[in-house]
Amino acid sequence: MTEATPPEVRLRESLGAIPGYVPGKPAAEQPGRTTYKISSNENPYPPLPSVVKVVQEATLSMNRYPDMGVTELRDAIARRFEVKPEQVATGTGSVGILGSLLQITCEPGDEVVYAWRSFEAYPIVVGLSGATSVQVPLTEESRHDLAAMADAITDRTRLVIVCSPNNPTGPAVRADELDAFLQRVPPHVLVVLDEAYLEFVRADDVPDALNVWRRHPNVAVLRTFSKAYGLAGLRVGYCIAHEPVAEALRKAAVPFGVSEIAQRAAIASLDAYDELDQRVQDIVAERDRLLIGLRDLGYPVPDTQANFVWLPLGDKTLDFAAAAEAAGIVVRPFAGDGVRCTVGEVEATDRLLEVAKEFAGR
């Protein structure tokens with residue numbers, strides 16, 4: 001069969017400069033040994049039985065379109081966080097909502113300021129919107145340099161993203177530095193506080209994002225059900241924003257983007273949060289054990305308030321990732337920068353510490 005002539009469709013020239021998202025690599029099976037995937041920031045625990053039950057029930061109506069307004073979930077979020085349903089927007093994970101935030105704020109040529117290295121999806125969604133990324137380097141402690149980010153704001157800036165805790169490095173911004181930063185941000189620039197890992201935070205000097213949001217009309221809070229709630233495969237997140245922004249987000253959302261299954265699972269997860277929180281506490285305890293263990297081995301691991309740790313290995317990044325994979329544990333390397341290791345099972349922590357010890361002795 002003769003192949004068709006390649007199409008002459010003209011794609012956007014800017015696509016060539018947009019990086020592709022690199023997902024966490026799955027762990028390959030090894031004979032006689034359990035392998036572990038800690039390359040994606042997933043919850044290692046299976047869904048709660050109560051959540052599984054409502055998901056199973058929801059599948060019986062999957063021949064129907066879901067509620068486009070995601071009304072019941074928005075109501076549940078509003079009750080949980082004492083906001084109005086009109087101040088809540090939902091989407092296909094926090095990434096989906098972030099794409100909508102770019103659509104409602106940026107025209108081609110506008111600028112978006114964020115720290116770097118930070119969440120890998122930021123340059124992708126910014127580039128797809130036609131806006132320009134302004135990446136501000138992290139500090140030597142792998143933290144946001146909010147003063148430098150404020151300096152980077154220009155007349156073309158329309159959006160600033162603050163990822164706290166920062167993915168992939170782990171530190172969270174402090175309340176005092178965020179307050180000082182917001183005092184310097186022009187009122188027409190929207191500041192998005194991306195709190196995908198909020199539930200794992202234990203530091204006492206971090207901002208209460210909702211209190212910050214209540215005091216600043218140009219602040220929005222972005223969260224997800226993918227991490228602590230363990231619904232990564234269902235793709236549902238939410239944004240709490242002042243009503244004009246929230247309304248615009250709902251207008252820009254992909255129609256029927258949040259499935260009925262995802263909505264029911266998210267509501268059930270909110271209802272069962274006390275049970276989920278015990279799992280979060282276990283993950284935090286395991287995170288602290290991993291952090292201490294790596295530091296005892298001499299690794300300069302920065303503080304982390306998320307469900308992962310960061311190893312700033314520079315040129316040794318890919319070598320470490322290869323050594324870990326050979327030992328049956330898959331991490332997430334960022335070539336030339338470092339390795340992100342998600343907190344998983346106790347056995348995964350043990351294996352990672354073994355690899356780190358051997359690698360340090362090379």
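Here are some questions and answers on the packing in this predicted model.

User: Which helix gives the most to the largest nonpolar core?

Analyst: That core has 62 residues, and Leu 73, Met 149, Val 160, Val 162, Phe 181, Val 191 and Phe 225 have the most contacts inside it. One helix puts six residues into this core, and it spans residues 260-271. The top contributor is helix H9.

User: From which domains does this core draw at least three residues each?

Analyst: Let's stay with the 62-residue core. It takes at least three residues from a domain assigned to 25-46 + 273-361, and at least three from another assigned to 49-271. So that we have the names: they are domain 1 and domain 2.

User: What does Val 160 touch, not counting residues up to four places away in sequence?

Analyst: Val 160 is among the residues with the most contacts inside the largest core. Met 149, Phe 181 and Val 191 are on that list too, and Val 160 touches each of them. The full set is Val 113, Met 149, Ile 153, Phe 181, Val 189, Leu 190, Val 191 and Val 192.

User: Is helix H4 largely enclosed or largely open?

Analyst: H4 covers residues 121-129, and seven of its nine residues are buried. Those are Ala 121, Tyr 122, Pro 123, Ile 124, Val 125, Val 126 and Gly 127. They pack against helix H3 and strands E3, E4, E5 and E6. With seven of nine buried, H4 is therefore largely enclosed.

User: Which residue follows H4, and what is its phi?

Analyst: The helix ends at residue 129. Next comes a glycine with a positive phi. That's Gly 130, with phi near 90°.

User: How are H3 and H8 oriented to each other, roughly parallel or roughly perpendicular?

Analyst: Their axes are 9 Å apart and the packing angle is about 110°. Angles of 65 to 115 degrees count as roughly perpendicular. H3 and H8 are therefore roughly perpendicular.

User: How many nonpolar, polar and charged residues does the contact of H3 with H8 have?

Analyst: H3 brings Ile 97, Ser 100, Leu 101, Gln 103 and Ile 104, while H8 brings Val 245, Ala 248, Leu 249 and Ala 252. By class, the tally is seven nonpolar, two polar and no charged residues.

User: Is Leu 311 buried or exposed?

Analyst: Leu 311 sits in strand E9. Beyond its neighbours within four places in sequence, its contacts include Leu 294, Phe 320, Val 339 and Cys 341. Its relative accessibility is 0%, and the cut-off is under 20%, so Leu 311 counts as buried.

Technical notes: Residues numbered from 1 in each chain as written. Predicted model: local features only at pLDDT ≥ 70, side-chain atom pairs only at ≥ 80, totals over all residues. Heavy atoms only, no water. Core = buried A, V, L, I, M, F, W, Y, C linked by side-chain atoms within 4.5 Å. Buried < 20%, exposed > 50% of the residue type's maximum accessible area, 1.4 Å probe, protein only. Helix = DSSP H or I, 4+ residues; strand = E, 2+ residues; numbered from the N terminus. Domains from an automatic or database assignment. Contact = heavy atoms within 4.5 Å. Axes fitted to C-alpha atoms, helices over the stretch in contact; angles between N-to-C directions. Parallel < 35°, antiparallel > 145°, perpendicular 65-115°, else oblique. Nonpolar A, V, L, I, M, F, W, Y, C, P; charged D, E, K, R; others polar.
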